[in-house]
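Please find below a short review note on the structure under discussion. It is set out as numbered points, each of which may be checked against the coordinates.

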Amino acid sequence: MLNFLKKQYPGSIVDISQLQYMLKKAEGYGYKKVGFILDRGYFGRENIQHMDECGYDFVIMVKGMSESVRRMILENKGEFENIRKYNIRKYKTFGKTIKKKLYISDEKERGNTRGQTP
């Protein structure tokens, strides 16, 4: 894995307010076809919309156990935990991509399906 952009901030700076700054910095370095892996501190409607506008792919951890997250988990519980096609052998775990909107006014159903078996 290549870490192309890393900046450490004091713990008191809110991640959600730093994303646009970080994206401008990446653009300034000339990065175009890149993706980001973001922790839950970046989860927010404005950040997700901004990532879409910039055309960046991203993986983002959702915040806590909101009602929508809990509903997604319960709707899929038992559907992938022991099904071979969802086995990620390298990590000795199971996983499944769920296509859903992340917030009420979201215009996209999220969930990367590239290279995945349905």
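The points below concern charged side-chain contacts and one strand-helix-strand arrangement.

1. Status of the model. The structure is a predicted model, and the remarks that follow should be read as computed from it. Its salt bridges number six in total; several of them are taken up individually below.

2. A contact within one helix. R70 and E67 form a salt bridge through their side chains, with an N to O distance of 3.8 Å. Because the two residues lie three positions apart in helix α3 (residues 67–76), about one helical turn separates R70 from E67. R70 has a relative accessibility of 42% and is therefore classed as partly exposed. E67 is likewise partly exposed, its relative accessible area being 46%.

3. A contact between distant parts of the chain. A salt bridge also joins the side chains of K100 and E75, at 3.3 Å from N to O. Here the partners are 25 residues apart and belong to distant parts of the chain: E75 lies in helix α3, whereas K100 lies in the segment after β4 (93–94). K100 is partly exposed at 29% relative accessible area, and E75, at 39% relative accessibility, is partly exposed as well.

4. A buried pair and its network. Are R110 and D106 buried or exposed? Both are buried, that is, each has under 20% relative accessible area. Their side chains meet in a salt bridge with an N to O distance of 2.9 Å. This pair does not stand alone, since D52 and K108 are linked with D106 and R110 in a network of salt bridges.

5. The two faces of strand β1. Strand β1 spans residues 35–38, and its residues divide between two faces. F36 and L38 lie on the covered face, while G35 and I37 lie on the uncovered one.

6. Pairing of β1 with β2. Strand β2 comprises residues 57–60 and pairs with β1 in the parallel sense, over four bridges. Within this pairing, the residue opposite I37 is V59 of β2. I37 thus offers a convenient reference point for inspection, as a residue of the uncovered face of β1 that stands opposite V59.

7. The connection between the strands. Which element joins β1 and β2 in a β-α-β unit? It is helix α2 (residues 45–54), and the unit formed by β1, α2 and β2 is right-handed.

Note on methods:
Residues are numbered from 1 along each chain as its sequence is written. This is a predicted model: local features need pLDDT of at least 70, side-chain atom pairs count only at pLDDT 80 or more; totals for chains, interfaces and linings use all residues. Side-chain values use heavy atoms; hydrogens and water are left out. A salt bridge is a side-chain nitrogen of Lys or Arg within 4 Å of a carboxyl oxygen of Asp or Glu. Buried means under 20% relative accessible area, exposed over 50%, partly exposed in between (1.4 Å probe, protein chains only). Two strands pair if DSSP finds at least two bridges between them. A crossover is right-handed if, with the strands pointing away from the viewer, the path from the first strand over the helix to the second runs clockwise.
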